[in-house]
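Please look over the complex shown here, with attention to how its chains meet. The briefing is meant to be read beside the coordinates.

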Amino acid sequence: MMFLIVLILPFFFIGLINKMKAIYVGKQGASIFQPYYDFFKLIKKGEVISDTSSFVFQIAPSINLACTIIAAVLLTLFHFEGDFILFSYVLALGKFFSVIAAMDTGSSFEGMGASREVSYTSFVEPAFFIIIGSLAALSGHYSFLSIFGLLQSKNEIVMLIAILAVFAIFMMILIEGSRVPIDDPKTHLELTMIHEVMVLDNSGVDLAFIHYASALKMLLFSALIAAIICPQYLWASLLVILFIAFLIATIESIGARIRLTHIIEYTFTMIAVALIVMALVLLIMHGGRF
Amino acid sequence: MTLITSAIWVYTIGGILQLFLKEENKCNLLIITNFVAAALLAMPVMFVLANNAVVESSLWMGMLVKNAIFRLDSLSAFFILIIAGIGFLGTIYSKSYLAPYIEKGKKIGSHLFLFNLFIVSMILVTLSQNIIFFLISWELMSFSSFLLMIFENEEKEVRQSGINYLITMHVGVMFLTVGFILMYLKTGSLDFASFNGKISELVFAIMFIGFGIKAGIVPLHSWLPKAHPVAPTHISALMSGVMIKTGIYGILRMLFYTGRPTITISYCVLIIGLLSAFFGILYAVAQRNYKKMLAYSSIENIGIIITGLAVGMLGLAYGNYVMCVLGFLGCFMHILNHSIFKTLMFFTAGSVYTQAHTKDMEKLGGLVHPMKGTALAFLLGSIAISALPPFNGFISEFLIYLGFLNSFSSHNYFLFTVMVAAIGILAFVGAMALIAFTNAFSIIFLGSPRTEKAEHVENDVPSVMLLPIYVLAFCALVIGLFPQMFVNIAAFPVLNYVNVIMPHKLLAVISTFNISLFVVIAAVLGLRALLLKNKKVEKRETWGCGYQFPSAKIQYSANSFTRPFLGFLTPFFIRELHFTQIKELFPQKTSFKSRIFDLFEYYIVKPIVIVDEFIISKFYWIQSGHTQKYLIYGVVFLVLAIALLIGGKI
């Protein structure tokens, strides 16, 4: 059930963010379903392909999409020992292909985007693994099960851990989804050349796949947060996802991007939060005594 | 055992025959001898791996060394499988690789003789269980690989790196000899079997350093990135894919006799493993010579292997056997996997070199169009080596991660902290591998040609050269898709250390996911083809944001691709920049140079060499060049030796 909802929702999530952003600046904004209209329009179109490019450019968007779908399966359907490792590595495979596809066009803009994308997202995996690894030690489940319903614990320190984990994963959404303050999804111009500029040469079906895959990826990380807060009820999870969309829209409306050279501070904050989670787990293992 | 003996004879005789044959036939003979010998070896090796048997023999070497015992157990069989298999593929590749050299009139007889000798010596290293014969085979291996490496010895750089390699290897042998002497003093026996449970921590540490130099662990790795770029491709593939694993073999063999390792030494091994993985891949990101990049990536993979080993040792030390079996299994699988994909990568790199004649990736680009087959193989290899599913690299890293996770059931605070940190570091290493290999693949093969050298590449390498490459790629994929079958190869070597159930069930789950990943990719590609059916797909030039005159020079280069990432990690290497700034209004000539130094080489190896040179310079007078003096040295030595003998008797 959750799996199907996750597969349908991504564009709704993006549409919601865009609508809220429009309301923030006093516009009426496009319909929440606009991303769906765009998607169906795009898959009806033909394609224009760069003549520098090779087969890589044509298969990459599809592989990226397939990887994200498998990641969705891992998060929502099956849980086994070490599933979060496969989750993270499957997403990395998708990233691998999107990066080489960007380099395939020989465009310096896309090269710039690819280079920045790999540089900034390389810090996400360590933070993610440290958090889930620590939580695995806490719960005894070496899978995503370790994070489910963490916030509902009676222990104050566990609640604190849950809040920190939510915070860190929210930071990851902003990096992986290329949102403000890391990147600005509105434009592909020089200042914010990360994700949008990587797909400058894609069109038609491929572009539709790319939009869907990146929206799905953001939704997956949001679903992780929902799982920490309230995994029992579907409506509660959806409410959490709604709130995350609201939060992202708010940040994008009132904040600005960080300077590129300062993004490293953002990523290290994320790793620091992950290490605090680890320290707190250690504290609990000690029986809560200092 | 007779099969093994005859295989060794086939290698040796085939090698000797190389010296007398016609040039054209030499490579064919090499392929035949290696095929026959590998086929002869296959039977006993598979038998031992399937039944955990131990085959023992004293071979004909009994005449030379008393009690020279050769033992084929599951650990040796595992390594022989890799040596003979990769060696055979190497011979097929070398036939076409050496063809241009033969045309130029280069004599390759001795080279091919040494090739067989090299393989025999590696097999003997894994077989011999007698101190003296082990050291002889070990030396033979180092020396033959040195001679193979300096194939293009007209060039100064090649000779220099060769000497560097030879000296480093002998420092390693020195440690080994000391370790073996200590063991001999303790047990009074030359046979390995009598060491069982008697190897102390100190001896293990000494042996670890000695074998570690061969394996290329940080900080003793400095020979590796020098040796691989200058060696001919099939040799660097064998050295990186197989030879450095004999160092790991030595460590595993010694560990086998140590019994239960202590906690301290296990943590030391873990730290060394993680350091090697981290620094290996960091310097790989920074390289622009693609063979050097692959050499550094070997250091990373050795680091991962040692990390798996350390997880196993920690499991033994803490009595956590699930963790232990996962660690050792990860270690063994990564040995197998690395030998597959690293050989694959070196072969494709060699193909690029034979077509484009440069090892500098900044001078290449756009090679995917003329060299489609090589490009696809390089892509598959890059995915495997970055440990991404559905290829084999992922399987071994996954096992090591699971080993980390299972340590939590020991409820030890210190272990928990270290393991979580190790998980973080290994994840970061994975992310860096992704950067290194997306960089290499896209700069060498994608975009448009950056220089004339790349433009002039017109066709792919002959299909004989592609054959071994695709065999390896197929192996990498099959192990990734069906890991639960292939762990059986490593099962008995692992069970020698700890006797618990293998994680077959879990690997079957991974296998299902890897296959479904494959299916979903195929489905999405099919969907795309369906959607694009009967629609216009145009080819236009790359969108340049309105700029009219794009040039190949404005493409992103390897240096610019990795620049932002390396900028974050500046404390971990030394960067030398030469940049002449433009100060006047009108454009002038300007230049930019950047070099990246290895931290360990700069701060550890270099000072040692300087001190060493200073000390040795005080002894120059010994080597005066006067024959009389040398005669006196001989006489003095003889007198001393006789005096000692007599003195000892009384």
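What follows covers confidence, the contact between chains A and B, and one loop residue.

This is a predicted model, in which local features need pLDDT of at least 70 and side-chain atom pairs count only at pLDDT 80 or more, while totals for chains, interfaces and linings use all residues. Residues are numbered from 1 along each chain as its sequence is written, with chains lettered from A and ligands numbered from 1 in the order in which they are written.

**Confidence**
- The predictor assigns the complex an ipTM of 0.95 and a pTM of 0.94.
- Chain B has an average pLDDT (the predictor's confidence in each residue, from 0 to 100) of 88, and 98% of the residues score at least 70.

**Contact between the chains**
- On chain A, 60 residues are in contact (C-beta atoms, placed from the backbone, within 7 Å) with 63 residues of chain B.
- Among the elements of chain A, where helices (H or I, at least four residues) and strands (E, at least two) are DSSP runs numbered from the N terminus, α5(A) gives the most to the side that touches chain B, with eleven residues.
- β1(A) pairs (at least two DSSP bridges between the strands) in the parallel sense with β3 of chain B, residues 537-540, over four bridges, and V48(A) stands opposite E538(B) in β3(B).

**The loop residue S107(A)**
- S107(A), which lies in the loop between α5 and α6 of chain A, is in contact with L200(A), D201(A), T542(B), W543(B) and G544(B), leaving aside its neighbours within four places in sequence.
- S107(A) is buried (20 or more other C-beta atoms, placed from the backbone, within 10 Å of its own), because 30 other C-beta atoms lie within 10 Å.

Conventions: Contact = placed C-beta atoms within 7 Å. Buried ≥ 20, exposed ≤ 12 C-beta atoms within 10 Å, placed from the backbone.
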